[in-house]
Amino acid sequence: MSNISDHFNLQAGDFGDSFVWGVSTAAYQIEGAHDIHDKGPSIWDEFSSKKGNTYKNQNGKEACEFYHKYQEDILLMKKMNIKHFRFSLSWSRILPKGIGTISTQGIEFYNNVINFCLKSGLTPWVTLYHWDLPHALEEKGGWTNRDILGWFEDYVTICAKNFGDRVKNWMVLNEPMVFTGAGYFLGVHAPGKKGLRNFLPSVHHAVLCQAAGGRILRNLVSSANIGTTFSCSQITPYRNNRRDHRAADKADAMLNRLFIEPSLGMGYPWETIPVLKQIKPYIMPEDAKRSVFEFDFIGIQNYTREKVRHSFFVPYIKARIIKASRRKVRTTVMDWEVYPPCIYNMIKRFNGYPGVKKIIITENGSAFIDKIEEGTVYDKERLSYLQAYLKQVHKAKREGLKVDGYFVWTFTDNFEWADGYFPRFGLVYVDFKNQQRIVKSSGKWFSAFLGCKKIYL
């Protein structure tokens, strides 16, 4: 037996008494119960039902059955010393057609989850939109249709009025760059649309919705702590030459700047990526002002860094990411490089925006091959990853950078979108044949870390 904390001397208390520790999840990835009561289909129900869109044609119809097992999972969080639980609301569970009639069963389910969190001593952190747009709205154009501003405002209003008396921590959108880029430009995520004609309007409408959602929460929820989350990766030139540096600048503008800068009143970074000027036809008078909202915190979601080189054949940005596996570096099963300094560098980068008041790491984690051996899951690589990245978060905190919380992605293994059930990110192993939960070594360590104890494995 060895003390796995010997090389990691930090405890949760070293980050300060007000530092927030939690786990993050998303509705479609864990809930299951895809058509129970009057829930309507989401774009992910539709996308994953079509052959070839996901790994082994898997879907989230059952996922982790959180809909039926939420009490068990919340009690396990409590047992693991986890005090903050980030989860998202399924728009189509609350509004089966996206607009119109409200589902009383959907409202009741989330009320039950929120109330059980509070009863169990957990603070709920709610994400309003984590990629699962009602399919009925996608049939009307989804994020490409400017009408989504009104649809989204109505949805946020319903959520604020029904849950805002108990939920005080809110995130408006989850990673808009991913759901617009992968879903409306590359077509590899739901709803599977491609091209600039879909991508550009969806970007602008998401920018407007993230600000509109913030304003509604501010007006309707007393003492609200309002944020939104952005995916981010450190972008590094593959070679030290002018063309690779320019390619890295363009990739950085697309992946890291596109959504936060309009919310801060800085506009779109089209001076770096001229093709973004084609978004202008979608911009109405006063939209620049409507895009701005003063968030209480920004959630940044970082896993890795990317190395980028110039590529003449890549349209619009002339930049190509060099896969980690080609660079002979340590990787996760997602083919993401394990590079702990990236999280420090992104904290520092977002601290550079004067309008950012507070930063919370709303996702960080890793997927590796997990195996049950004699009833346990010893995930040494994930444990090492978490410790190495937390050292970098502590470095940022120690230097006085604004970073005030850390949420692990994720609590349980789940449905990882187009990658299906193959990548396992959880602190808790899920046997999807029988829905059994097994706390992994990383989960046992994180529990001890939060409890300021040492653990032997």
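The following dialogue explains how to read several features of this predicted model.

Reader: What should be known about the numbering and the model before reading it?

Author: Residues are numbered from 1 along each chain as its sequence is written. Because the model is predicted, local features need pLDDT of at least 70, side-chain atom pairs count only at pLDDT 80 or more, and totals for chains, interfaces and linings use all residues; side-chain values use heavy atoms, with hydrogens and water left out.

Reader: How many helices and strands are there in the protein?

Author: Helices (H or I, at least four residues) and strands (E, at least two) are DSSP runs, numbered from the N terminus. The protein has 15 helices and 13 strands.

Reader: Why is the protein described as being as compact as a globular protein of its length?

Author: The radius of gyration is taken over C-alpha atoms, and the globule rule is 2.2 Å times the number of residues to the power 0.38. For 457 residues that rule gives 23 Å, and the radius of gyration of the protein, 21 Å, is close to it, so the protein is as compact as a globular protein of that length. Along the principal axes, the C-alpha atoms fill a box of roughly 65 × 60 × 45 Å.

Reader: What percentage of the residues is buried?

Author: Buried means under 20% relative accessible area, exposed over 50%, and partly exposed in between (1.4 Å probe, protein chains only). Of the 457 residues in the protein, 61% are buried.

Reader: What share of the contacts joins residues 24 or more positions apart?

Author: A contact means heavy atoms within 4.5 Å. Among contacts with a separation of 6 or more, residues 24 or more positions apart account for 76%.

Reader: Where is Tyr67 found, and which residues is it in contact with?

Author: Tyr67 belongs to helix H3 (residues 66–79) and is buried, its relative accessible area being 10%. Leaving aside neighbours within four places in sequence, Tyr67 is in contact with Glu31, Ala33, Ile36, His37, Arg93 and Phe109. One of these, Ile36, is 31 residues from Tyr67 in sequence, with 9.6 Å between their C-alpha atoms.

Reader: Is His204 buried or exposed, and which side chain does it join through a polar contact?

Author: A polar contact is a pair of N or O atoms within 3.5 Å; within protein, one must be able to donate a hydrogen and the other to accept it, and residues adjacent in sequence count only if both atoms are side-chain atoms. His204, in helix H9 (residues 196–220), counts as buried at 1% relative accessibility. Its side chain makes a polar contact of 2.7 Å with that of Tyr268. Not counting residues up to four places away in sequence, His204 touches Arg146, Tyr268, Ile279, Tyr282, Ile283 and Asp287.

Reader: Which residues does a cis peptide bond join?

Author: One such bond joins Trp409 and Thr410, with omega about 10 degrees; Thr410 lies in the loop between strand E11 (405–409) and strand E12 (428–431). The peptide bond from Ala190 to Pro191 is also cis, with omega near 10 degrees, and Pro191 is in the loop between helix H8 (176–184) and H9.

Reader: What is the phi of Tyr316, and what is that of Lys328?

Author: Tyr316 is not a glycine, yet has a positive phi of about 75 degrees. Tyr316 lies in the loop between strand E8 (305–310) and strand E9 (319–322) and is partly exposed, with a relative accessible area of 39%. Lys328, likewise not a glycine, has a positive phi of about 55 degrees. Lys328 sits in the loop between E9 and helix H13 (341–351) and counts as exposed at 80% relative accessibility.
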